[in-house]
Amino acid sequence: MDLLAIPAFTDNYVWLLHDGQRALVVDPGDAGPVLDALQRLNLQLDTILLTHHHADHVGGVDALREAFHPRIVGPAFETLPGPVERLSEGDTVTALGLTFSVIDVPGHTAGHIAFYTPQMDGLPLLFCGDTLFSGGCGRLFEGTPAQMLASLDKLAALPGNTRVCCTHEYTLANLKFALAVEPGNTALQAYAEACKAKREHDQPTLPSSVDLERRINPFLRSREAAVTAAARRFDASASGEVAVFAALREWKNQFR
Ligand code: ZN
Ligand code: FE
């Protein structure tokens, strides 16, 4: 199996998984770069997984449906283009011989889902859409801070060696904020240097891993004393773990 991050728009990735003949893609916001990759690698599109309804994740669905008639699965409670199999937590979907569990991760959108398989070439794999980014998390467009915190807790509880396939290359900007929150985190400092080098060579910083994110991502670390204290320097009134998480998210929204 091969896992590729296909760049789309300015900073999206459409993840493509293939076995040399058949392919699965996640969140094809733009059909063009996906069609190019399928043609270049001589692949048949078998399945499309959708995590949420935003246009930069579903905009290529109609063109890919017409070209390949793939199986298309997506969240149960969101408005999506055309006929889509509707899934929510507790459901599974099998594609290319892999079985993915669906995890409900509301927050960025109200019905956002993620796809997790415990075994792809020996390692677990997560497609988390715009819920978890390397060093950050999605903006709260439809959900509450409590929902997003609970969603991120679910993802942080997956095995540490899970490869985390996020749908945006936001890593450097996220790490700039993370370093403002936790300037003394040595794992974070080292990771920021490694990511800078990758971007200078035009390489994706992704996939990340659950273990790495637990060590460097402020939104998975809001209960750590240093992170809580930093969030309270931004908003002194933040008491309780949800309020601290909300303060952190608001601080990131304003951070330049
Ligand atoms: Zn989105
Ligand atoms: Fe997005």
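Is Asp56 buried, exposed or partly exposed? In this predicted model, Asp56 is partly exposed, with a relative accessible area of 22%.

**View 1. Two neighbours in sequence, Asp56 and His57, both hold the iron ion (ligand 2).** Asp56 just misses the buried class, because its relative accessible area is 22% and buried means under 20%. His57 counts as buried, because its relative accessibility is 0%.

**View 2. Here are the four residues around the iron ion (ligand 2).** Asp56 and Asp130 each offer an OD atom, while His57 and His168 each offer NE2. These contacts run from 2.1 to 2.4 Å. Along the chain, the donor residues follow the spacing D-H-x72-D-x37-H. The angles among the four donor atoms go from 85 to 168 degrees, and the site is irregular. It can't count as tetrahedral, because that would need all angles to lie between 85 and 135 degrees.

**View 3. Asp130 links two metals.** Asp130 bridges the iron ion (ligand 2) and the zinc ion (ligand 1). The two ions sit 3.2 Å apart.

**View 4. Now for the largest pocket, with about 300 Å³ of space.** It is lined by 19 residues, and the closest to its centre are Arg139, Tyr170, Asn174, Arg249 and Lys252. Sorted by class, the lining has seven nonpolar, six polar and six charged residues.

**View 5. Which helix gives the most to the lining of the largest pocket?** That's helix 9, with three residues. Strand 12 (136-137), helix 5 (171-181) and helix 9 (241-254) each supply at least two residues of this lining.

Conventions:
Residues are numbered from 1 along each chain as its sequence is written. Chains are lettered from A and ligands numbered from 1 in the order in which they are written. This is a predicted model: local features need pLDDT of at least 70, side-chain atom pairs count only at pLDDT 80 or more; totals for chains, interfaces and linings use all residues. Side-chain values use heavy atoms; hydrogens and water are left out. Donors are N, O and S atoms within 2.8 Å of the metal (3.2 Å for Na, K and Ca); water is not among the atoms, so sites may look incomplete. Four donors count as tetrahedral if all angles lie between 85 and 135 degrees; four count as square planar and six as octahedral if opposite donors are over 155 degrees apart and all others between 65 and 115; anything else is irregular. Buried means under 20% relative accessible area, exposed over 50%, partly exposed in between (1.4 Å probe, protein chains only). On a 1 Å grid over the protein atoms alone, a cavity is a set of points where a 1.4 Å probe fits but cannot get out, and a pocket is an open set with protein on both sides within 12 Å along at least five of seven lines; lining residues have an atom within 4 Å of a point. Grid points are joined across faces, edges and corners, and a volume is the space filled by probe spheres set on the points. Helices (H or I, at least four residues) and strands (E, at least two) are DSSP runs, numbered from the N terminus. Ala, Val, Leu, Ile, Met, Phe, Trp, Tyr, Cys and Pro count as nonpolar, Asp, Glu, Lys and Arg as charged, and the others, Gly among them, as polar.
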